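Subject: Structure handover and findings

Dear colleague,

I am passing on the structure we discussed, and I would be grateful if you could look through it alongside the notes that follow.

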Amino acid sequence: MARPIDPSHRAFWDERYGNDPAPFGNAPNAFLVQMAPRLQKGDAFLAADGQGRNGLWLAGQGFRVVIQDLSQTALDHARRNAEGLGVAVELRQGDLTETGPEEGAYDLVAIIFCHLPPQARRTVHAKLQRALKPGGKLVLEAFSKAQLTMQPLHNSGGPRSEEALFSAADIRDDFAALTPLVCEEVETDLAEGRFHNGRAAVVRALFEKPAT
């Protein structure tokens, strides 16, 4: 079982969101928007969604949204943003290695740029996999290991430790009980606030839980 996230990690994110209410911008993730036509509206769980840029957008598209994040400061911003947009979302503060979504409860799970050490990552991904209803889909985007090796070196964000980065094979293994509809490593141009900006190497995935 993964160890709970170090309290200093929560302090780091509280400080980041305290200094900037939208460090990754307020627009939804471009890959999530691209996948939206393939998603069935229903109950959605957004893991580590910060100030809610993705969850609030999904709520505006007609999803019933739960957002969980480690940082209460980020969720305070999400609450104010939801009120400003006139959308309803449920906000939960918590460490995903300890608490998480209910099993079999969600039509959509999204995890966008959530980087954890390998053991914690596998624990969290297993919870997210189990959270899907039959036929439900999971959307993921994260920095790939190539973020550290491509030349010139990408400075568009993400951890500087390879063990906190992903490969497509890692993601396929983590979500082995799901059917991969998309799972690829690509280069793209990010424009997500001041911390995710520029040329980037990412893993993008769309998985589906078998209906039976």
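Helices and strands in these notes are DSSP runs, with at least four residues for a helix and at least two for a strand, numbered from the N terminus. Please keep in mind that this is a predicted model.

I begin with the pocket. The largest pocket has a volume of about 610 Å³, and 29 residues line it, with Trp13, Phe24, Phe113, Cys114 and His115 lying nearest its centre. By class, the lining divides into 14 nonpolar, ten polar and five charged residues. Helix α1 (7-19), helix α3 (53-60) and strand β2 (64-69) each supply at least two residues of that lining, and α1 gives the most, with five residues.

Two residues deserve a careful look for their backbone angles. Most residues other than glycine have a negative phi. Ala48, which is placed in the loop between β1 and α3, has instead a positive phi, near 55°. Phe113, placed in the loop between β4 and α5, likewise has a positive phi, near 55°, and Phe113 is also among the residues that lie nearest the centre of the largest pocket. As for their surroundings, Ala48 has a relative accessible area of 26% and therefore counts as partly exposed, whereas Phe113, with a relative accessible area of 12%, falls under the 20% limit and so counts as buried.

Helix α3, which contributes to the pocket lining, is mostly covered, since six of its eight residues are buried; these are Arg53, Asn54, Gly55, Leu56, Leu58 and Ala59. After α3 comes Gly62, whose phi is positive as well, near 105°.

Helix α5 spans residues 118-131, and its 14 residues reach 20 Å from the first C-alpha to the last, close to the 20 Å expected at 1.5 Å a residue. Its buried residues are Ala120, Arg121, Thr123, Val124, His125, Lys127, Leu128, Gln129 and Ala131, and what covers them includes β1 (43-47), β4 (106-112), β5 (132-143) and α6 (168-174).

One contact between α5 and β5 can be followed through Leu140, which lies in strand β5 and touches His125, a buried residue of α5. Leu140 has a relative accessible area of 0%, and it is therefore buried. Leaving aside residues up to four places away in sequence, the contacts of Leu140 are Phe31, Ile111, Ile112, His125, Ile171, Phe175, Val203, Arg204 and Ala205. Leu140 and Leu165, for their part, are 25 residues apart in sequence and 13 Å apart in space, C-alpha to C-alpha.

The last element I would point out is the pair formed by strand β6 (residues 179-192) and strand β7 (residues 196-208), which run in the antiparallel sense and are joined over 13 bridges. Within this pair, Val186 stands opposite Val202 in β7. The two strands form a hairpin with three residues between them, and Gly193 in the turn has a positive phi of about 70°.

If you have time for one region, I would suggest opening the loop between β4 and α5, where Phe113 is placed.

With best wishes

Conventions: Residues numbered from 1 in each chain as written. Predicted model: local features only at pLDDT ≥ 70, side-chain atom pairs only at ≥ 80, totals over all residues. Heavy atoms only, no water. Expected span 1.5 Å × (residues − 1). Buried < 20%, exposed > 50% of the residue type's maximum accessible area, 1.4 Å probe, protein only. Contact = heavy atoms within 4.5 Å. Pairing = 2+ DSSP bridges. 1 Å grid on protein atoms, 1.4 Å probe; cavity = no way out; pocket = protein on both sides within 12 Å on 5 of 7 lines; lining within 4 Å. Points joined across faces, edges and corners; volume = space filled by probe spheres on them. Nonpolar A, V, L, I, M, F, W, Y, C, P; charged D, E, K, R; others polar.
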